[in-house]
There are 2 protein chains.
Amino acid sequence: MSETPQSKPPRPAWAPPENFRRRVPDGDTHERLVCDDCGFINYENPKIVVGAVCLWEDRILLARRAINPRKGYWTLPAGFMELRETTEEGAAREAWEEACARIEIDALLGVYSVPRIGQVQMMYRAKLVSPDVAPGPESLEVALFAWDEIPWKELAFPSVTWALNHWRETRHLPSFTPFVSPADYPGLR
Amino acid sequence: MSETPQSKPPRPAWAPPENFRRRVPDGDTHERLVCDDCGFINYENPKIVVGAVCLWEDRILLARRAINPRKGYWTLPAGFMELRETTEEGAAREAWEEACARIEIDALLGVYSVPRIGQVQMMYRAKLVSPDVAPGPESLEVALFAWDEIPWKELAFPSVTWALNHWRETRHLPSFTPFVSPADYPGLR
């Protein structure tokens, strides 16, 4: 049987081009993704996720995700920090994009490093400027939950649970040390 | 006069390849650097710099830079956070790489967003495990300075000054709210 040319599956957009290779550039100490053709070095560093526990009186804003990962599950407004913004501006932008919510940042609840996925999640405590919230394009619905109403089994990500609990612990404190990721969380490494 | 082929100057390694173009990918809200040939999307997000004010008794560890930017100026051990580490581990790694210093992280002093350069600088308070320090490959010399001896006019970066002052303000506090970048710093945007 002769070999017939096979059409390769298309490379997904997040995957590096085929001429990229992992190697340690001159004078560096870490492996980088380098283009063998032109020498372009694609430095990969951890990405920052910014989000907030947003309060209206004693109710907390959650959004049900319209997209994967974890479509259909409830999350705090949060997402990747972009260039040309501060961490606080990023958290406010995400609240606007995901829940049409205007917020005022109040305190830094946690700096959650998750080395396994190359993320540092910075979650803030914030006040809603008004209770008028609505789903953005990435949300199916948004709602304000009293503590006893939070759908704990339908939360999208572990850090949503961490931030909610850390908010609860510090809700009467004007100033405190931000929390870090729980050391016993098995998905940390 | 006939045109002669000119050799182009080599493209520096940090510059994107020529077939990369800035455009908004489908379903996205921000411009990204996209390869016109293969569709690779080079997401660019702010990078995290991790560092520490490292104390031995009441003296502070500084390192004089052997490399640009700001070669010859004094800095706190700090550098880009790498994948597969937490922010605290990154700060400890930088202290080791730049000053052969073993440290114990104690508190988060500041989360300094600098949108102009796409960075979030996270500076910690730390204790040196021993006063045995020595220059790493990126340092000309290292030294332990009493507060009155700090070479303020020879500090490498604004955030070094911020972190030192924020350490001074909170040095007797076990718990406090981390500082942010001074709003009046002209290089912020």
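These are my notes on the two chains of a predicted model.

**Symmetry.** I started by laying chain B on chain A: the RMSD is 0.0 Å after a turn of 180 degrees, with a shift of 0.0 Å along the axis. That makes the relation a two-fold axis. I then looked for the C-alpha of chain B nearest that axis and found B:Phe176, 2.6 Å away. The copies meet through the same surface, because 100% of the interface residues of chain B are interface residues in chain A too.

**Domains.** I checked how chain A is divided: domain 1 covers 15-44 and domain 2 covers 47-170. Their centres, taken over C-alpha atoms, are 34 Å apart.

**Strand S9(A).** I went along residues 119-128 of chain A and found nine of the ten buried. S4(A), residues 47-56, runs parallel to S9(A) and is joined to it by nine bridges. S8(A), residues 103-114, pairs with S9(A) in the antiparallel sense, over ten bridges. I picked A:Tyr124 in S9(A) as a marker: A:Ala52 stands opposite it, and so does A:Leu108. The S8(A)-S9(A) hairpin has four residues between its strands, and A:Gly118 has a positive phi near 65 degrees there.

**Cores.** Which residues have the most contacts inside the largest nonpolar core? I get A:Cys54, A:Leu61, A:Ile103, A:Met122, B:Leu61, B:Ile103 and B:Met122, in a core of 42 residues. I followed up A:Met122: its contacts include A:Val50, A:Thr87 and A:Leu108, plus B:Val111 and B:Met122 from chain B. Another core, of 25 residues, lies apart from that one; B:Leu62, B:Leu76, B:Trp162 and B:Phe176 are among its members.

Key:
Residues are numbered from 1 along each chain as its sequence is written. Chains are lettered from A and ligands numbered from 1 in the order in which they are written. This is a predicted model: local features need pLDDT of at least 70, side-chain atom pairs count only at pLDDT 80 or more; totals for chains, interfaces and linings use all residues. Side-chain values use heavy atoms; hydrogens and water are left out. Copies are superposed by least squares on the C-alpha atoms of residues with pLDDT of at least 70 in both. Contact means heavy atoms within 4.5 Å. Domain bounds come from an automatic or database domain assignment. A nonpolar core is a set of buried Ala, Val, Leu, Ile, Met, Phe, Trp, Tyr and Cys residues joined through side-chain atoms within 4.5 Å. Buried means under 20% relative accessible area, exposed over 50%, partly exposed in between (1.4 Å probe, protein chains only). Helices (H or I, at least four residues) and strands (E, at least two) are DSSP runs, numbered from the N terminus. Two strands pair if DSSP finds at least two bridges between them. Lists of a residue's contacts leave out its neighbours within four places in sequence.
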